[in-house]
Each structure stands twice: as structure tokens, then as C-alpha cells.
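This briefing sets out the fold, the packing and selected residues of one protein chain. Please read it alongside the sequence and the coordinates.

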Amino acid sequence: MKLNWTLKPYPALSLDELYALLQLRSEVFVVEQTCAFQDIDGQDQTALHLLGHTETGELAAYTRLFDAGECYEQASIGRVVVSPAYRRYGLGRELMRESINACDQAFGPQPIKIGAQLYLKAFYESFGFVQQGNVYLEDGIEHIYMFRP
């Protein structure tokens with residue numbers, strides 16, 4: 001499956017794009033993971049938004065990217081999500097490759113820090129991320145900080 005990737009700052013998102021990305025994040029992070037948390041956290045306005053659309057225009061994959069100093073001292077990738085309807089096509093791997101490349105292009109090559117769900121540790125390690133520190137709970141889900149030099 002081939003996705004069309006676009007990278008946009010918050011002000012450039014259309015209302016339909018904003019609605020679709022918030023709907024996808026809610027579908028996965030709130031409903032699927034049964035985790036009541038404040039997804040709309042006031043950070044979307046400073047993020048770059050990477051959207052992966054299918055040929056029919058459906059949002060299949062998404063991340064938000066931050067330059068160094070906005071969330072962490074390093075650049076960061078967050079809200080990594082693939083639509084349940086489009087899983088098992090390798091889109092998670094494509095999404096992370098695109099996200100890392102987008103960080104490099106937008107902010108220049110630099111270290112990247114993420115707060116990852118613990119069960120995805122090996123997935124992120126395959127992209128060169130290494131665990132930093134101990135496991136912590138975020139909204140009742142085990143997470144770890146990971147760093148990609």
C-alpha cells in the first residue's frame with residue numbers, strides 16, 4: 001500500500017485534516033486503548049503534522065513532530081498512530097521512516113527523543129532508538145523514554 005505523505009504546520013491544516021487526525025488519535029489512544037486522557041494538550045499548535053493518506057484520501061497514518069526545545073531538549077516524534085483499518089501493511093515502519101526523515105529535513109539532523117509505550121520498545125530499537133531511564137506510567141500505560149543519537 002502506498003501512502004501520500006504531507007507535512008504541515010498547524011495553521012496550514014484544513015478543518016477536514018484537523019478533524020481526521022483528531023478522530024484517528026481518539027479512535028486509537030482513547031477508545032482502542034481504553035485510556036481516558038487529554039489528547040488535545042495544547043501542543044498541536046507548535047507541532048509539524050505528518051499525515052499519510054491513501055489514494056482515496058483517507059488518513060491512514062499520522063505523527064506530530066517537534067523541534068528541539070519544544071517538548072524536550074531534543075527534537076521529538078509523538079502521537080505515532082496507524083489506523084486500525086490499515087494495519088498489517090507495514091505502515092508503522094513506513095510512518096517512522098517518514099517521521100525521522102521529516103525531522104531531519106525540517107529541523108536539521110539531530111538527536112530525537114520519544115516517549116514510547118513499553119510494548120513497542122523493540123519496534124523503536126529497529127530505528128536506532130535506545131532506552132533512556134526507567135519505565136514510567138503515563139495515563140496508566142507503561143512508557144519509556146527513548147533516544148536516537
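In which element is R79 found? R79 is found in strand β4, and its backbone is taken up again under the topic of phi angles. The model discussed here is predicted. Its chain holds three helices and seven strands, and 42% of its 149 residues are buried.

**Overall architecture**

- Read from the N terminus, the order of elements in the chain is β-α-β-β-β-α-β-α-β-β.
- The radius of gyration of the chain is 14 Å, which agrees with the value near 15 Å for a compact globule of 149 residues.
- Along the principal axes, the C-alpha atoms occupy a box of roughly 40 × 35 × 30 Å.
- Of the contacts between residues at least 6 apart in sequence, 60% join residues that are at least 24 apart.

**Surface and charge**

- The chain exposes an accessible surface of about 8,000 Å², and carbon and sulfur atoms account for 51% of that area.
- The side chains include 12 positive and 19 negative ones, with 5 Å between the centres of the two sets.

**Nonpolar cores**

- The largest nonpolar core comprises 17 residues, and I77, I112, I114 and F129 have the most contacts inside it.
- Two or more residues of this core come from each of β4 (75-82), α2 (91-107), β5 (112-117) and β7 (141-148).
- Helix α2 supplies the largest share of this core, namely five residues.
- I77 touches, beyond four places away in sequence, T63, R64, L65, M96, S99, I100, C103, I112, K113 and I114; two of these partners, I112 and I114, are also named with I77 for having the most contacts inside the core.
- A second core, separate from the one above, has ten residues, among them V28, L59, Y62 and V81.

**Residues with positive phi**

- Most residues other than glycine have a negative phi.
- R79 is not a glycine, yet its phi is positive at about 50 degrees.
- R79 counts as buried because its relative accessibility is 18%, under the 20% cut-off.
- D139 likewise has a positive phi, near 55 degrees, and is a residue other than glycine.
- D139 lies in the loop between β6 and β7, and its relative accessibility of 43% is the reason it counts as partly exposed.

**F127 and its surroundings**

- F127 is placed in the loop between α3 (121-125) and β6 (130-138).
- Although F127 sits in a loop, it counts as buried, with a relative accessibility of 11%.
- Leaving aside residues up to four places away in sequence, F127 touches R93, M96, R97, I100 and R148.
- The C-alpha atoms of F127 and R148 are 8.0 Å apart in space, while the two residues are 21 apart in sequence.
- M96 and I100 are touched by F127 and also by I77.

**H53 and its surroundings**

- H53 belongs to strand β2 (residues 48-53).
- With a relative accessibility of 16%, H53 counts as buried.
- Residues up to four places away in sequence being left out, H53 touches K2, L3, N4, T6, E58 and L59.
- L59, one of these partners of H53, is also included in the second nonpolar core.

Note on methods. Residues numbered from 1 in each chain as written. Predicted model: local features only at pLDDT ≥ 70, side-chain atom pairs only at ≥ 80, totals over all residues. Heavy atoms only, no water. Helix = DSSP H or I, 4+ residues; strand = E, 2+ residues; numbered from the N terminus. Rg over C-alpha atoms; globule rule 2.2 N^0.38 Å. Buried < 20%, exposed > 50% of the residue type's maximum accessible area, 1.4 Å probe, protein only. Contact = heavy atoms within 4.5 Å. Areas by Shrake-Rupley, 256 points an atom, 1.4 Å probe, with all protein chains shown as cover. Lys, Arg positive; Asp, Glu negative; His and termini not counted. Charge placed at Lys NZ, Arg CZ, Asp CG, Glu CD. Core = buried A, V, L, I, M, F, W, Y, C linked by side-chain atoms within 4.5 Å.
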